[in-house]
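Biologist: Got a minute to go through this model with me? I'd like to start with the odd backbone angles.

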Amino acid sequence: VNVLVELEGRFVVFRQRKYGLEGSSLAVVGGMIEPLSGGWETPPQAARREIAEELGVECQQLQFLGRFRTDVNRGMGFCSCFLARHCRSLPAEERPRSDDIEAQARVFLSPTELLTAVLNGSFAEVKWSNTVALALLQLQQLKEK
């Protein structure tokens, strides 16, 4: 799952490095669907868990942006993309413990800065850029209504 999170009018993304990328990249919240007793998380459950683990926030609105195949030639993998809005920071005692070992720096972007970043290729992984672009299109559509 990948999630673009809006918090207090700004978007929270990460600046991070991945072994498959040259240099650093901006990234959205993301992670794997985890097993539960008797099955697996749903994509919305995984998105909410990742938001809480990576940012320590919970969001009232989770807008589904689509489910996309990530490796069409081999028929493997899916990415479910979301936009999370109306979020609030969780008290420290309610924050789940994260087992993430990646070094990530939080970056807060205005809508204009986010648009510039995605258009400039600052989100170097296609699932991240796809999630951001779809979220911005969704927000534009909501604004026009």
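Modeller: Sure. His86 sits in strand β8, and its phi is positive, about 55°, although it is not a glycine. Strands here are DSSP E runs of at least two residues and helices are H or I runs of at least four, numbered from the N terminus.

Biologist: Before I go on, what kind of model is this?

Modeller: It's a predicted model: local features need pLDDT of at least 70, side-chain atom pairs count only at pLDDT 80 or more, and totals for chains, interfaces and linings use all residues. Residues are numbered from 1 along each chain as its sequence is written, and side-chain values use heavy atoms, with hydrogens and water left out.

Biologist: OK. What about the phi of Glu8?

Modeller: Near 55°, so to speak a positive value in a residue other than glycine. Glu8 is in the loop between β1 and β2.

Biologist: Is Glu8 buried or exposed?

Modeller: Exposed, at 75% relative accessibility. The cut-offs are under 20% relative accessible area for buried, over 50% for exposed and partly exposed in between, with a 1.4 Å probe and protein chains only.

Biologist: Switching to cysteines: how many disulfides does a search of the whole structure find?

Modeller: It finds 1, counting pairs of cysteine sulfur atoms within 2.5 Å. Cys59 is joined to Cys87, S to S 2.1 Å. They are 28 residues apart, Cys59 in strand β7 and Cys87 in strand β8, and the pair links distant parts of the chain.

Biologist: Which hand is the disulfide?

Modeller: Right-handed, because the torsion about the S-S bond of Cys59 and Cys87 is about 105°. Cys59 is buried at 9%, and Cys87 is buried at 14%.

Biologist: And why no bond for Cys79?

Modeller: The closest cysteine sulfur, in Cys81, is 3.9 Å from the sulfur of Cys79, so that's too far for a bond. Cys79 is buried at 4% and Cys81 is buried at 1%.

Biologist: Now Ile51. Where is its place?

Modeller: Ile51 is in helix α1, residues 43–55, and it is buried, with a relative accessible area of 2%. Ile51 touches residues including Val3, Val5, Cys59 and Ala84, leaving out those up to four places away in sequence; contact means heavy atoms within 4.5 Å.

Biologist: Last one: what do the buried residues of α3 pack against?

Modeller: They pack against β1, β2, β3, β7, β8 and α2. Among the buried residues of α3 are Trp128, Val132 and Leu136.
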